[in-house]
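Colleague: I'm new to reading protein models, so could you walk me through this one? Let's take a look together.

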Amino acid sequence: MANQEVGSLLEKCLRAAEAKASTQLTEAVRHNYCSVRDSLCVELTLLLREALEMRWPFVPEKWQYKQAISSDDKSNLSELIGQHLPQLLNVLEAAITAQEAQAALAVIFLVDRFLYWTDDSGQLLKICKLLHKRYPHAPVAPQLIIRQARVYLNLGKLQKAEHILSHLIINSGTTGCWVYHSQSDRALVQAVSLQVRGMVLQKLGLWPEAAQLIWASLVGYYTLPQPDKKGIGTSLGILANILLSMNDEDFHAFKTTQDVDLTLLGDATHRLLSAAKAAKMAVVYSQYTSLYVLTNATALGTCLLSYSFSVACPPAKRTFFLREAKEAFEVGLLSKSEGDDVTSKQELHTFIKAAYSLVVTHKWLAAASEPVTGATRACREALARFYQYSHADTRDRGGVCAEIMRLMTRVKLELGVEPFVNSDSRSFIPDSFRDVNDTMAGLTLDGFSGVLRRFRKYHASLCKTADAECKAGKDEVDGARMLCVTAFGTTDTECIAEDWNPSREASADVSRPPDLRRSVASANSLGSSWKKLSSTGCGSGRWAVGGPAIPSPQRPATRFSSGSNRSSDSFEILEADIPTADSDDPGPTGPSADGLPRSLSQLILSSSSLSNSFGSKSSWENLSAGPRSSRFAGSRQSSKSSESSGSFFLMRTQDCEISDSEYDPASGWEFLGLPKPPETPKVDAGSCKTTEPSTEDSHGTPDESILEAETLNPRCNGCLKRNTPAQVDPLRRYDLSLEDYRSLLAGVCHDCLLKRLHGDKKFKLEQYGTAHNALHLKFSKASGLWTARETCAYIGESMGLHGTHRTTIWVQFLHQEERLSSYVGKDYRKPTQIQFHLRDVERQMTAQYYVTEFNKSLYDKEVMAQMFFLPSEALLILDGDVIAGCITVEPYMLGRFVKLTNNIKKKNDALPATEYGLAFGHFTYLHSNGQDVVVDLQGWVTANGKGLTYLTDPQIHSTRTPRGPSNLAHGGIASFLREQHGPECNSVCRLLNLPPVPKQSHACVINEWCGGELKQFFGNERNSHQTHQLAINTQKLTASVPFILLP
């Protein structure tokens, strides 16, 4: 069916839903509804009747719950819906006009999944919301509630997605008037909600937490009376991608977690092989649906390709695993041919990813050749067309889609992709894949309930903190507030579902602060899954409640309209009028006399997942080696800069609706209400005058960046090859050899990466609207490694928002974590050396490590406010094998952007979230032995500050690296303690039992905490070695500490 026809019919349905309901229906209207309804084929009539009877919470496939599958069962519901979509949409319009609300919502239920995969969910959900507002007693299917959460996830509205999912999990799938026929149906809704929430955490780069939720969803699917094959396959595919991104330490922690039994994935001992087994099982479970086969086969090939580069892969078997990866990519590409309809954005994106990955595999199997070159060119052209498709009007997508599939056919011809042996004509997988057996047996619904109890405390408290923002106008049915698609901040008449129990609050512990009683009262007393995530969590049960939190009104907003001709929606911006201060001190220009490391990557922290470790280690033969001075391998270059306020945020009013493929470019950084700083700041330490540092002096000189370190990172083969002399030609420093690729794909430490890319050349992307080969680089704070994947990236148009030193660009790349989400690229406005971008990523991932530990401490105290830093990554743009540029990328977020603190003294007391931000700064000071403080907190917050907060572009004052314009080192830390935190701890600090800040100099603070409070905090016995190490560090630190009195 043509896209324009679908769009036209949906518009008619939307107009009918928006029209004022007639008080008197004519006989002709009723007759028309009955006529179009009765014209449906028998199979659709039966499905519609079952939907009206609420027989299932999700529309099932025929093969989904059957062990023995006949040939008739191997068809997909999408085929039936696609063939009769015009009739179904005519029934929907007629039902709306005839005021048959339940019938209209049943039709929406049936066509929902098909229209989601044609990127038309936005219109359908608008119709659903309008019907629910008019007919609040008509049941809305759980599938539609979760669909809204998926759309929010794709749009970057993570807070709203989390709210929906947590309600469904904690309330056993309760959705207003919907009637469940069995407890297993409720368990199914909870399992799907866990799965989607795992995808939210995956997008945030929280791999262990995401893996636990996906595993919990698998348990839920397996415990149904008939296991849900579709759900199992989807969760296994997601788990494969999470394991691919996880580092080895987090994998070990995950597989030893309570209730996790990875015997399902066989006896594979390596993380990437376990991921490959999960992906292959997912392919088999989903073998009758081409989209899922394509998605999971591509994940399988990516796992095998990554394993082939790891040092764990025996050299003799490297070619074997490359060939296995090649077969997997070919299976995915053969799931559709050129003439087949492809109307899904995800399917198109995954086709291009599979094709490009196959090109890469061919390159490593047989080196570059003419077919490989031609196929690479076709993939870049296809990605450019895909970007056009993502921004195209519905009427134009058909032609763009057909052109993309013609390019995919060209790739298959260039690389000689041949059909595989397949004895089942309805299946999309080869016979060789059918030897997979699963071993999950003996699971019960009671067992699934036990798994859910581990997560109950978090979800229950999140529901309550989010409910505090719910507006008036609560519809009630039998005393229970209803959960519906209008309930989550999208309209002025919101309603929330929950099992409301006023007695819970009445019995709350009155000794707790008022703002904490509700969340604690609702918390389940059973164990927490989060407590098992780290062996070094600083939170403990001994921390006590302090004083009450300080309620604050919400800040006023500034409205403006976008100058774009793409949309006339109004935008809403919360003024971020707290600038970031710089210092005119250029920092040291030579080696550090005290031997302190010059990069935050050298910070020794306990294991956390926070980034990617695709493979293991590899040699980097061309690196120079010499004596090193850091305790942990990393760069000695100064981390004196970053841009902190050059943000890129587009805001919408709460009732603004957009489709999941819509972008919202705005014009003018000045619209954000941020004062523009002077070009050459001249301020004293502790003052606050400007927003961003300059690139000229923010990172120190190139020579500073390459200072030697004392010890080696045992995970980095560049460090292990220290006796190999440098062989890099200075004139060809940015030309990548095969050995460079191998090393980057396996993982190199921060120090080795900067040494290899060290040079005076400055880069600036000059051309937008083009596709490039690229290396996608992720930094892991836990392992200290940068790891890469070969990818293709499209640099889109500018977002029209600029900071003092950075600008923002729409970016799409093939290996982005979320295929349907938008990503933002950040490039410096002036030509800049590569290490500037790499250090920006390093700093944000360091902050993400700290905030994960902070969240665990909050969780231990039964406070469910959670803070996250968006994962930041780098793209090295390539011209052939030559580096042509570099940008950083992170997920795009929709919502109100605010600035909580700057990097010196300013703080936004009007926002309750600032209390948590200041406590977080106090916590990082403590957790780092008094050597780091994370400041300059900005991002997206809930109104009451107690829900989910997403942050970006932090600064870190660190005594571990030389002082500079943004890293004010001792002075910055002292200024934070004196000006932002203040001499008195707030209620969050007291709740966590953080030692109070002494009214002394920063040097004395370190000495006192080393001998007393800090030792007590870490524990007299278990962590006394940390206190001893702090005493040693203090001898170095206090020698150069400026004596700054705290009032």
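Colleague: Let's start with a pair of strands. Which residue in β11 does Ala774 stand opposite?

Modeller: Sure, and keep in mind that this is a predicted model. Strand β6 is joined to strand β11 (residues 873-879) by 5 bridges, and the two run antiparallel. Across from Ala774, the residue you'll find in β11 is Ile877.

Colleague: β6 has another neighbour, β7. How many bridges join β6 to β7?

Modeller: These two strands form a hairpin with 4 residues between them, and Gly784 in the turn has a positive phi of about 75 degrees. One pairing to look for is His776 with its bridge partner in β7, Arg789. The strands run antiparallel, and the number of bridges joining β6 to β7 is 11.

Colleague: Is β6 buried or exposed?

Modeller: In a regular strand, side chains alternate between the two faces of the sheet. Here Thr770, His772, Ala774, His776, Lys778 and Ser780 point one way, while Ala771, Asn773, Leu775, Leu777 and Phe779 point the other way. Buried means under 20% relative accessible area. For β6 (residues 770-780) that holds for 11 of the 11 residues, so the strand is largely enclosed by the rest of the structure, and the word is buried.

Colleague: Now for the empty space inside. Which element gives the largest share of the lining of the largest cavity?

Modeller: The structure holds 14 cavities of 30 Å³ or more, and the largest has about 830 Å³ of space. Its lining has 42 residues, with Arg150, Gln195, Met199, Thr234 and Ile238 closest to the centre. Helices giving two or more residues include α6 (101-116), α8 (142-155) and α12 (229-245). The largest share, 9 residues, comes from α12.

Colleague: What kinds of residue make up that lining, and how many of them are charged?

Modeller: Split the lining of the largest cavity into kinds and you get 15 nonpolar and 17 polar residues. What's left is the charged group, and its count is 10.

Colleague: And the second largest cavity: which element gives the largest share of its lining?

Modeller: That cavity has about 140 Å³ of space. It is lined by 12 residues, and Leu305, Ser306, Leu745, Arg789 and Glu790 lie nearest its centre. The elements giving two or more residues are α15, α17 and β7 (785-802). With 4 residues, the largest share comes from α15.

Colleague: Let's move to charges. How far apart are the closest N and O atoms of Asp248 and Arg271?

Modeller: Side chains of opposite charge can pair when their charged atoms come close. Asp248 and Arg271 form a salt bridge. Asp248 lies in helix α13 (residues 248-255) and Arg271 in helix α14 (residues 271-285), so the pair ties together parts that are 23 residues apart in sequence. Their closest N and O atoms are apart by 2.8 Å.

Colleague: Is Arg271 buried or exposed?

Modeller: Its partner Asp248 is partly exposed, with a relative accessible area of 27%. The cut-off for buried is under 20%. Arg271 has 1% relative accessibility, so Arg271 counts as buried.

Colleague: Last one: which acidic residue meets Arg55 at 4.0 Å, N to O?

Modeller: Arg55 is partly exposed, at 43% relative accessibility. Its side chain meets Glu53 in a salt bridge at 3.5 Å, and Glu53 is partly exposed too, with a relative accessible area of 39%. The salt bridge at 4.0 Å joins Arg55 to Glu50.

Definitions and conventions: Residues numbered from 1 in each chain as written. Predicted model: local features only at pLDDT ≥ 70, side-chain atom pairs only at ≥ 80, totals over all residues. Heavy atoms only, no water. Buried < 20%, exposed > 50% of the residue type's maximum accessible area, 1.4 Å probe, protein only. 1 Å grid on protein atoms, 1.4 Å probe; cavity = no way out; pocket = protein on both sides within 12 Å on 5 of 7 lines; lining within 4 Å. Points joined across faces, edges and corners; volume = space filled by probe spheres on them. Nonpolar A, V, L, I, M, F, W, Y, C, P; charged D, E, K, R; others polar. Pairing = 2+ DSSP bridges.
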